[in-house]
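Q: I have a model open and want to learn how to read its side chains. Where do I begin?

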Amino acid sequence: MAIDAGYPVETEVFGVTYERYALQKLFARLVRSQGWKTVLEWPASGAKAMPGLYSLGFALAGSAVTLVDADSTAVRHWRDLGLEHRLELLDSRQVGEEVERGRRWDLCWNFLVLPTAPDPAAEIRRMAAAAPWLMVVHVNRFNVGFGVHRSVHRWYNLPWTHGELPFFSPYATVDFLEKNGGTEAFWGVVDCPPWPDSLGFRDVRLHRRGNTVEQWHSPYVKALQEGNLPGWLSAVYALERLPLPKALKLPYAHLFYACCRMTHD
């Protein structure tokens with residue numbers, strides 16, 4: 001499909017390529033350990049890259065994935081990768097109706113939704129109605145690049161649009177989940193390469209462009225299609241998986257994940 005010349009095109013940078021690889025590896029481990037066969041990404045919006053692709057790792061691990069309000073370009077990539085048999089698409093109204101009829105998934109998760117949710121507690125209740133297990137993946141505020149990113153917003157007089165700061169801490173996020181009915185909560189780090197998280201200068205460019213990206217290009221999806229993932233991904237991932245305490249990884253972890261089982265009356 002040709003890209004319209006008038007549409008801005010955003011190519012995912014190498015850091016996003018590694019992020020997708022690391023998340024794929026994490027999701028495969030979680031599927032093996034938790035036995036999640038059905039996964040609901042609600043909403044499938046994403047925040048830092050092409051939306052609708054974050055659950056690819058679950059599908060590649062064998063789970064059936066349902067995406068809510070997924071981007072049409074991303075859906076085309078799922079089909080290009082031959083994963084349409086593991087993909088279901090619903091909009092927000094449809095998934096609400098499915099839940100009301102009693103449908104449940106094994107896991108409901110989302111990427112960077114709680115920080116900007118108008119009512120995070122209501123978001124958790126909505127997710128809990130759909131699955132016994134919840135997971136959120138957020139940017140880690142303890143990464144050395146996070147403070148630089150905050151400073152760049154101040155230097156360029158840009159509004160901080162990324163959400164409430166407590167949700168960028170794994171400790172505060174787990175505490176929030178537990179206060180809202182979560183049990184058996186655990187967290188971990190992911191996307192831990194030897195470079196700092198986004199320093200914010202790409203943010204400046206996107207802000208000045210109005211934060212509109214009509215077309216995305218994902219080198220990671222292209223590499224998956226060709227069956228030729230770059231060797232540097234596995235080399236960096238070997239460093240990420242060094243058996244260090246989580247607290248020691250926080251200064252260079254880009255993301256963290258927090259999971260819990262939800263209690264119901």
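**Reading salt bridges, patches and a buried side chain**

A: Begin with one charged pair. E12 and R20 form a salt bridge, and their closest N and O atoms are 2.6 Å apart. Keep in mind that this is a predicted model.

Q: Are E12 and R20 buried or exposed?

A: Read the relative accessible area, where buried means under 20%. E12 has 3%, so E12 is buried. R20 has 5%, so R20 is buried as well.

Q: How many salt bridges does the whole structure hold?

A: A search of the whole structure finds 9. One of the pairs is R93 with E97, where the closest N and O atoms are 2.9 Å apart.

Q: Where do R93 and E97 lie?

A: Look at the helix and at the spacing along the sequence. Both residues lie in helix 4, which covers residues 92–100. R93 and E97 are 4 residues apart, about one turn of the helix. E97 counts as partly exposed, because its relative accessibility is 30%.

Q: Which residues are linked in a network of salt bridges?

A: Follow each charged side chain to its partners. E88, E98, R101 and R103 are linked in such a network. Within the network, the side chains of E98 and R103 meet at 3.3 Å, N to O. R103 has 27% relative accessibility, so R103 counts as partly exposed.

Q: Now the nonpolar side. Which residues make a nonpolar surface patch?

A: Look for nonpolar side chains that are accessible and lie together. L239, L242, L244 and L248 make a patch of about 360 Å². Take L248 as the example. L248 is found in helix 11, residues 246–249. Exposed means over 50%. L248 has 54% relative accessibility, so L248 counts as exposed.

Q: Let me try a polar residue. Where is N140 found?

A: Place the residue among the helices and strands, then check its cover. N140 is in the loop between strand 6 (133–139) and helix 6 (144–155). N140 has a relative accessible area of 0%, so N140 is buried.

Q: What does the side chain of N140 reach?

A: Check backbone atoms as well as side chains. The N140 side chain reaches the backbone nitrogen of F142 at 2.9 Å. The N140 side chain also reaches the backbone oxygen of A253, at 2.7 Å.

Q: Which residues does N140 touch, not counting residues up to four places away in sequence?

A: List the contacts that are further off along the chain. N140 touches F146, F168, P170, L250, A253, H254, L255 and F256. A253 is thus in the contact list, and its backbone oxygen is reached by the N140 side chain.

Notes: Residues numbered from 1 in each chain as written. Predicted model: local features only at pLDDT ≥ 70, side-chain atom pairs only at ≥ 80, totals over all residues. Heavy atoms only, no water. Salt bridge = Lys/Arg side-chain N within 4 Å of Asp/Glu carboxyl O. Buried < 20%, exposed > 50% of the residue type's maximum accessible area, 1.4 Å probe, protein only. Helix = DSSP H or I, 4+ residues; strand = E, 2+ residues; numbered from the N terminus. Patch = residues over 30% accessible without salt bridge, like charges linked within 9 Å, V, L, I, M, F, W, Y side chains within 5 Å. Areas by Shrake-Rupley, 256 points an atom, 1.4 Å probe, with all protein chains shown as cover. Polar contact = N/O pair within 3.5 Å; in protein donor to acceptor, adjacent residues only side chain to side chain. Contact = heavy atoms within 4.5 Å.
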